[in-house]
Amino acid sequence: MADTRSRQTDPGRAATAPLRLSILGASGSIGTSTLDLVARNPDRFDISALTANTNAEALAAAAIRVGADHAVVADESAYESLKGALAGTGISCAAGASAIAEAAVRPVDMLVAAIVGAAGLAPTLAAVRQGTTIALANKECLVCAGDLFMSAVRASGATILPVDSEHNAVFQVFEQGNIEQIECLTLTASGGPFRTYTLDEMRVATPEAALKHPNWSMGARISIDSATMMNKGFEIIEAHHLFPLRQDQLEVLVHPQSVVHGMVQYSDGSVLAQLGAPDMRTPISHCLAWPRRMHTPAQRLDLAALATLTFETPDPVRFPALRLARAAMTSGTAASAALNAADEVMVKAFLERKLGFLGIAETIERVLERMTASGDLNEARSIVDVMAVDAAARRVSLEELSRIAH
Ligand code: NAD
Ligand code: MG
């Protein structure tokens with residue numbers, strides 16, 4: 001992982017200067033948690049740009065609240081309402097995917113990348129190429145194009161700080177100077193709302209039940225991915241790109257209390273772990289203040305009250321998504337990009353009740369098998385290749401869905 005500079009360690013910069021920050025995906029779950037920390041620490045941050053997909057009113061309200069310079073909505077039809085809501089405030093605005101990419105490269109100390117899905121890849125990569133420090137929540141950047149993304153990081157000297165709670169936990173206990181002595185790292189998983197369901201119960205599970213995550217409050221897509229455990233599969237791929245370890249050193253442990261977020265085991269038998277209440281403001285704050293720390297209102301752990309922490313190995317039969325993700329990681333960039341695209345389509349279909357819960361992983365597997373057989377998952381060497389695989393996977397996914405419907 002690149003962890004070269006930060007504003008606090010830059011001798012040319014006053015330690016008290018506010019952090020100039022832009023947030024992609026400011027209206028989402030991670031974006032809102034980040035804005036909460038910003039609003040609690042108005043002197044610490046200076047907001048450049050905020051972006052959202054469609055919700056112009058919420059975006060404008062947030063931009064006014066934190067005194068942003070610029071606001072961008074991806075959906076061009078929402079431009080007039082954004083402009084209207086910002087009239088007289090002095091906050092400039094724009095719309096469209098290219099305007100999001102332009103917002104991403106405004107000069108800042110840190111960019112919070114919190115768009116969901118492959119849609120965040122182009123703007124986040126544009127910021128990486130400028131050498132920007134990125135607080136990375138948008139794990140799909142690494143799932144879809146991890147090798148390309150990380151080589152751009154190395155080429156520009158950008159710093160990537162992981163927001164994802166498990167990777168942030170590992171980052172906090174990962175001894176860069178002792179990499180040779182690391183035996184494995186473990187990402188914990190809550191197991192989601194269906195951890196104890198039988199296959200028959202999972203088959204008829206509703207979107208409402210799948211969206212009810214036991215511990216975390218998150219966006220719809222990652223909530224469904226947590227229920228299938230595809231999220232943990234993506235996180236294994238994410239860890240593979242963030243931390244210089246072999247694929248067989250990356251482990252997953254189901255831990256229903258979501259208190260231990262990640263662990264690193266060293267050759268002397270020590271296991272270092274990061275613990276905390278399940279509140280994304282803790283890992284987000286760790287990135288915002290890095291390499292220092294800042295106060296958050298996250299609930300403090302009361303281990304005596306919790307009394308018991310439990311761990312179990314994931315069930316490969318009920319949660320096949322983990323196997324699919326590992327296979328895609330081994331296969332490479334094209335397969336991982338197809339995995340993400342197929343998952344985006346299937347999660348949407350499940351939420352629209354066009355696909356049963358178990359159908360999500362089953363159909364993704366068929367999409368990947370078909371694309372492998374037709375030679376569509378040969379290596380992707382550029383972002384253009386990745387976008388072509390993404391588009392092909394969405395096409396095959398829709399074909400598979402229409403086959404199910406008939
Ligand atoms: P969310 O659905 O709540 O928010 C997504 C944000 O992206 C919104 O601001 C939305 O307007 C924007 N967006 C969506 N599609 C877009 C498009 N096509 N163009 C531009 N903007 C678009 O999602 P979230 O839960 O905040 O997750 C964001 C990212 O962080 C995801 O990659 C997720 O995997 C990751 N993450 C989230 C959590 C969490 O607790 N929510 C934890 C770890 C990692
Ligand atoms: Mg996570």
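A residue counts as buried when its relative accessible area is under 20%, as exposed when that value is over 50%, and as partly exposed in between. By that yardstick Tyr197, with a relative accessible area of 28%, is partly exposed. What follows comes from a predicted model, and Tyr197 makes a handy way into it.

Tyr197 has an aromatic partner. A search of the whole structure turns up five aromatic pairs. In one of them, the ring centres of Phe194 and Tyr197 sit 4.5 Å apart with their planes at 35 degrees, so this pair is classed as tilted. The two partners differ in how much cover they get: Phe194 is buried, because its relative accessibility is 0%, whereas Tyr197 at 28% is partly exposed. Then there is the pair formed by Phe350 and Phe357, where the centres are 5.6 Å apart and the planes meet at 70 degrees, so this one is edge-to-face. Here both rings belong to buried residues, since Phe350 comes out at 2% relative accessibility and Phe357 likewise at 2%. These pairs don't stand in isolation, as ring pairs link Phe194, Tyr197, Phe350 and Phe357 into a cluster.

The stretch that carries part of this cluster has some polar business of its own. Ser190 sits in the loop between β8 (182–189) and α8 (199–203). With a relative accessible area of 10%, Ser190 is buried. Its side chain is nonetheless well supplied with partners: a polar atom there lies 2.9 Å from the backbone nitrogen of Gly192, and a polar contact of 3.0 Å ties the side chain of Ser190 to that of His213.

Next comes the ligand. There are 22 residues around ligand 1, and the ones that come nearest are Ser27, Ser29, Ile30, Asn53 and Glu140. Sorted by class, the shell is made up of 12 nonpolar, seven polar and three charged residues. Both domains have a hand in it, with at least three residues drawn from each of domain 1 (5–163) and domain 2 (167–279 + 301–306). Backbone atoms do some of the polar work. One oxygen atom of ligand 1 is found 2.8 Å from a backbone N or O atom of Ser29, and a polar backbone atom of Asn53 is also 2.8 Å from a ligand oxygen. For Val116, the distance from a backbone N or O atom to an oxygen of ligand 1 is 3.4 Å. As for cover, ligand 1 on its own would expose 820 Å², and the protein buries 86% of that.

Two further spots round off the picture. Cys93 is part of strand β4 (residues 92–95). At 18% relative accessible area, Cys93 still counts as buried, because the cut-off is under 20%. Ala103 is 10 residues away from Cys93 along the chain, and the C-alpha atoms of the two are separated by 9.9 Å. Further on, helix α5 (residues 121–129) has a good share of its side tucked away: Leu121, Pro123, Thr124, Leu125, Ala127 and Val128 are buried. After α5 comes Gly131, with a positive phi near 85 degrees.

Definitions and conventions:
Residues numbered from 1 in each chain as written. Chains lettered and ligands numbered in written order. Predicted model: local features only at pLDDT ≥ 70, side-chain atom pairs only at ≥ 80, totals over all residues. Heavy atoms only, no water. Phe/Tyr/Trp six-rings, centres within 6.5 Å; stacked < 30°, edge-to-face > 60°. Buried < 20%, exposed > 50% of the residue type's maximum accessible area, 1.4 Å probe, protein only. Near = heavy atom within 4 Å. Polar contact = N/O pair within 3.5 Å; in protein donor to acceptor, adjacent residues only side chain to side chain. Areas by Shrake-Rupley, 256 points an atom, 1.4 Å probe, with all protein chains shown as cover. Nonpolar A, V, L, I, M, F, W, Y, C, P; charged D, E, K, R; others polar. Domains from an automatic or database assignment. Helix = DSSP H or I, 4+ residues; strand = E, 2+ residues; numbered from the N terminus.
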